[in-house]
Amino acid sequence: MRRIPLTAFALLWLALAPALAVEPDEILPDPAMEARARNLSQGLRCLVCRNENIDESNAELARDLRILLRERLVAGDSDAEAVAYLVDRYGEFVLLRPTTGGANLILWLAGPAMLILGLGTAAAYVRRRRGPGEGDARVPPLSPEDEARLAEILKE
Amino acid sequence: MINELGHFTLILAFILAIVQSVLPLWGAQTGWRGGMAVGGPAASLQFLCLAVSFAALTHAFVTSDFSLRIVTENSHTLKPMLYKVSGVWGNHEGSMLLWVLILAGFGASAAWFGDALPPGLRARVLAVQGMVGVAFIGFVIFTSNPFERLAFPPFDGQDLNPLLQDPGLAFHPPFLYLGYVGLSMAFSFAVAALIEGRVDAAWGRWVRPWTLAAWVFLTIGIALGSWWAYYELGWGGFWFWDPVENASFMPWLIAAALLHSAIVVEKREALKAWTILLAILAFGFSLIGTFIVRSGVLTSVHAFATDPTRGIFILAILAVFIGGALTLYAARAGALESRGVFATVSRESALVLNNVLLAVAAFVVFIGTVWPLVAELAFDAKLSVGAPFFDLAFTPFMVALAILLPLGAVLPWKRGSLARGMRPVRGALILSLALGALVFAFQTGRSALAPVGAALGLWLIAGAAAELWLRAGGRAIRLTRLPRADWGKATAHAGLGVTFIGIALLTAWDVEDIRVAEVGDSFDVAGYQITFAGVEEVAGPNYLSTMATMRISRGGREVAVLHPEKRVYPVQAMPTTEAAIDNGIWRDLYLVIGDAQDGGGYALRTYIKPFANWIWAGAILMALGGFFSLSDRRHRVAAGARRGAAPPAAASPAE
């Protein structure tokens with residue numbers, strides 16, 4: 001079996017044909033509405049995939065969700081309503097951008113809080129370093145050989 | 001027979017690692033020179049043993065020895081030779097063997113190039129490196145043995161996942177591991193320094209080349225992975241904030257912070273305790289990354305064969321090493337008081353700010369990555385944290401970093417003045433603001449991303465150039481005589497700017513067209529005329545392909561003829577899309593062929609990707625900058641690589 005005969009091709013193709021992300025037949029005739037759909041679907045998770053949004057995913061379910069989302073938009077839902085419709089059905093898991101309420105506040109505020117903490121600590125540190133001659137009394141002093149060695153290494 | 005040899009040397013390496021982690025440390029603690037001297041030869045021999053083991057496994061893959069389980073599961077006789085070789089690390093067991101080989105390689109290079117280190121520090125560094133080796137070689141032997149045999153070998157293998165049969169991905173893991181594992185050196189130096197209770201300028205200078213090397217490799221590894229995703233996944237995405245990507249990005253950010261803080265230790269003897277902590281954290285994030293990839297606790301597109309016992313083993317390694325190191329840190333960090341004194345406006349302060357931003361950015365990535373797990377365990381909520389969160393929460397840190405970087409880079413040590421610091425980079429500032437305005441005028445009604453990104457990018461590039469000019473004292477002739485470290489710094493910073501421009505403009509100006517076209521059809525996308533000239537079926541060595549021919553012209557002149565493909569790999573029963581890309585400096589043309597449609601014709605996707613290559617060109621510049629810096633004479637002196645001092649592996653018991 002050096003090469004796979006081309007005759008086997010058509011059969012295999014039928015069995016394996018994947019659906020690529022957004023298919024031409026899904027696209028809405030109204031470009032503005034389609035743009036909204038694309039935008040929204042980038043923030044919705046393909047539930048059976050590993051960390052992919054439905055806009056990029058090739059999975060069958062992602063296609064179903066894309067079509068469902070477009071149906072809601074065509075039916076006159078606002079962006080928020082269409083997303084809420086999907087969240088009602090599939091849970092918060094479908095949102096790639098977690099809500100900002102409840103326990104998720106920890107997630108959203110962790111970065112800014114850490115930044116303030118970090119800047120505060122850094123400011124305190126810089127202030128302390130400003131004064132002259134703060135002790136390094138606890139550091140064991142270098143032996144004369146070490147000092148010489150250090151000087152040699154630091155010499156360019 | 002060769003397989004048994006590989007298995008045997010693997011076990012031998014385990015024993016050598018135990019020796020390496022006990023005797024030198026004991027020697028250093030008790031002043032026994034004989035014990036300390038064991039470290040070097042043990043590290044060299046351990047590396048040699050693992051090299052033999054790895055060669056044996058490679059031999060099994062190359063000769064398609066299906067009596068080994070992992071060869072059966074990941075190889076096939078028809079697979080091209082390149083992928084037979086890269087298949088060695090295209091699976092969990094083999095990649096862990098590569099991991100420990102690289103770990104031993106770093107240990108051995110510390111032995112070879114560490115002549116300048118004080119014997120006590122050298123012995124302790126080798127011992128800590130040996131301990132990491134014991135843990136991971138143990139992990140390989142006890143949970144993921146690559147030399148496991150099959151009682152009844154099949155006639156042919158199950159082939160490698162077709163997505164992995166790609167040159168970009170063949171080299172992505174080795175570089176990534178060189179980076180991940182290279183950070184173990186920073187860790188070993190940090191723990192050794194904590195045991196000794198002393199950190200000085202020389203320590204900062206010794207630890208820097210290792211961290212820099214690891215960071216360079218990590219940069220290349222991440223860039224290769226991102227580039228691969230761009231051309232292979234079929235729609236040109238380059239970063240997904242997937243847990244496994246984050247796993248490599250967190251150590252990268254921390255290592256970048258560590259590089260900068262180690263400079264402060266070296267030049268100014270300040271930030272010592274913080275630098276030690278960063279060194280521990282950098283390797284800690286490497287281990288967390290390994291845990292995320294191998295345990296399967298977080299769903300990711302990078303699914304390795306996962307197994308709970310492996311996850312627990314790595315978690316135990318993580319707990320022992322990072323827990324142990326942090327305990328040691330808590331006990332000893334107080335003794336690492338800094339000496340250097342500096343003003344609020346100074347290079348030191350700028351680097352402190354750099355560290356805060358990088359460390360908090362890494363923390364944001366971390367919490368976003370683990371939040372789904374935390375939410376499920378603590379609040380019983382099943383939710384996702386994806387790209388929209390990271391884009392929003394992470395980007396501000398990078399913007400702040402980019403604004404401050406060129407200014408911080410020209411501030412003098414000890415004491416500076418903002419007004420005086422601004423002077424050399426005034427031109428850069430004006431230039432970048434002008435570009436931002438130009439870009440803003442050029443595009444109408446679109447997001448602020450493009451002008452802001454372009455201005456920041458140019459600010460970084462022009463700022464780096466202005467800094468070089470400043471260092472040269474405004475005389476072109478002196479530019480060539482600047483230390484390579486200065487060139488390295490400027491190149492790396494400019495590289496960051498190039499990447500900024502690439503990401504911002506690609507994200508903002510990407511054009512996409514999806515349509516059904518029949519052979520002979522012609523259509524326009526953003527000024528390019530695209531003609532679907534034909535489609536044929538072609539057989540590759542281990543796949544079948546539907547290959548289209550597309551002619552692209554602009555203003556009547558032909559620009560490119562591209563052949564996007566759709567492939568099926570029958571052994572794995574898996575289809576892949578092979579996008580056809582015409583690379584350019586200002587834009588990539590990116591074509592994808594989809595399914596044949598019921599009503600005739602094919603689904604075609606056309607993307608115009610402006611400035612796409614700038615993303616990876618910037619990464620290459622960052623890595624190049626690292627190499628320039630590594631080749632600086634001062635580092636070579638520090639690493640002790642005196643001319644001809646490096647003995648070959650076999651003849652290394654030099655002490």
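**Helices, a sheet and a few unusual residues in chain B**

Let me begin with a proline, because Pro209(B) is found within a helix, namely helix α8 of chain B, which covers residues 201-232. Please keep in mind throughout that what we are looking at is a predicted model. Is Pro209(B) buried or exposed? With 22 other C-beta atoms within 10 Å, Pro209(B) is buried, since 20 or more such neighbours is the cut-off for that class. If you look along the chain to Pro251(B), which is 42 residues away from Pro209(B) in sequence, you will find that the two C-alpha atoms are separated by 16 Å.

Helix α8 of chain B also has a packing partner, and that is where I would like to go next. Helix α7 of chain B, residues 167-196, comes with its axis within 7 Å of the axis of α8(B), and the two cross at roughly 155 degrees. An angle over 145 degrees counts as roughly antiparallel, and α7(B) and α8(B) are therefore roughly antiparallel to each other. The crossing of α7(B) past α8(B) is left-handed, and the residues of their contact divide into 23 nonpolar and 7 polar, with no charged ones.

A second pair of helices in chain B can be described in the same terms. Helix α15, residues 449-471, and helix α17, residues 484-509, both of chain B, pack at an angle of about 165 degrees with their axes 8 Å apart. That angle makes α15(B) roughly antiparallel to α17(B). Here, too, the crossing is left-handed, with α15(B) passing α17(B), and by class the contact has 20 nonpolar, 5 polar and 3 charged residues.

Before leaving the helices, let me turn to α5 of chain B, residues 92-113. How far apart should the ends of this helix be? At 1.5 Å a residue, its 22 residues should span 32 Å, and the C-alpha atoms at its ends are 31 Å apart, which agrees with that expectation. As for its surroundings, 20 of the 22 residues of α5(B) are buried, so this helix is largely enclosed by the rest of the structure.

Now to the strands. In chain B there is an open sheet of 4 strands, in the order β1-β10-β9-β8, with antiparallel pairing. Which strands form its edges? They are β1, residues 511-517, and β8, residues 580-582, of chain B, each of which pairs on one side only. From one strand to the next, the twist averages 15 degrees.

Within that sheet, β9, residues 587-596, pairs with β10, residues 602-610, both of chain B, in the antiparallel sense over 8 bridges. To place this pairing on the structure, you can look for Arg587(B), whose bridge partner in β10(B) is Pro610(B), and for Val592(B), which stands opposite Arg605(B) in β10(B). The hairpin of β9(B) and β10(B) has 5 residues between the strands, and in this hairpin Gly600(B) takes a positive phi near 95 degrees. Strand β9(B) also pairs with β8(B), again in the antiparallel sense, over 3 bridges, and the bridge partner of Ala580(B) in β9(B) is Leu591(B). These two strands, β8(B) and β9(B), form a hairpin with 4 residues between them. Because 8 of the 10 residues of β9(B) are buried, this strand is largely enclosed by the rest of the structure.

There are also two residues with a positive phi that are not glycines. The first I would point to is Ser64(B), which has a positive phi of about 50 degrees although it is not a glycine, and which is found in the loop between α2 (33-62) and α3 (69-74) of chain B. With 17 C-beta neighbours inside 10 Å, Ser64(B) counts as partly exposed. The other is Ala526(B), whose phi is near 45 degrees, likewise a positive value in a residue other than glycine. Its place is in the loop between β2 (522-525) and β3 (528-539) of chain B, and Ala526(B), with 15 other C-beta atoms within 10 Å, is partly exposed.

Finally, a word on chain A. How many helices and strands does chain A contain? There are 6 helices and 0 strands, and read along the sequence the chain follows the pattern α-α-α-α-α-α. Of the 156 residues of chain A, 24% count as buried.

Definitions and conventions:
Residues are numbered from 1 along each chain as its sequence is written. Chains are lettered from A and ligands numbered from 1 in the order in which they are written. This is a predicted model: local features need pLDDT of at least 70, side-chain atom pairs count only at pLDDT 80 or more; totals for chains, interfaces and linings use all residues. The expected span of a helix is 1.5 Å times one less than its number of residues. A residue is buried if 20 or more other C-beta atoms lie within 10 Å of its own, exposed if 12 or fewer, and partly exposed in between; C-beta atoms are placed from the backbone. Axes are lines fitted to C-alpha atoms, for helices over the stretch in contact, and angles run from 0 to 180 degrees between N-to-C directions. Angles under 35 degrees count as roughly parallel, over 145 as roughly antiparallel, 65 to 115 as roughly perpendicular and the rest as oblique. A crossing is left-handed if the near helix is turned anticlockwise from the far one by less than a right angle, and right-handed if clockwise. Ala, Val, Leu, Ile, Met, Phe, Trp, Tyr, Cys and Pro count as nonpolar, Asp, Glu, Lys and Arg as charged, and the others, Gly among them, as polar. Two strands pair if DSSP finds at least two bridges between them.
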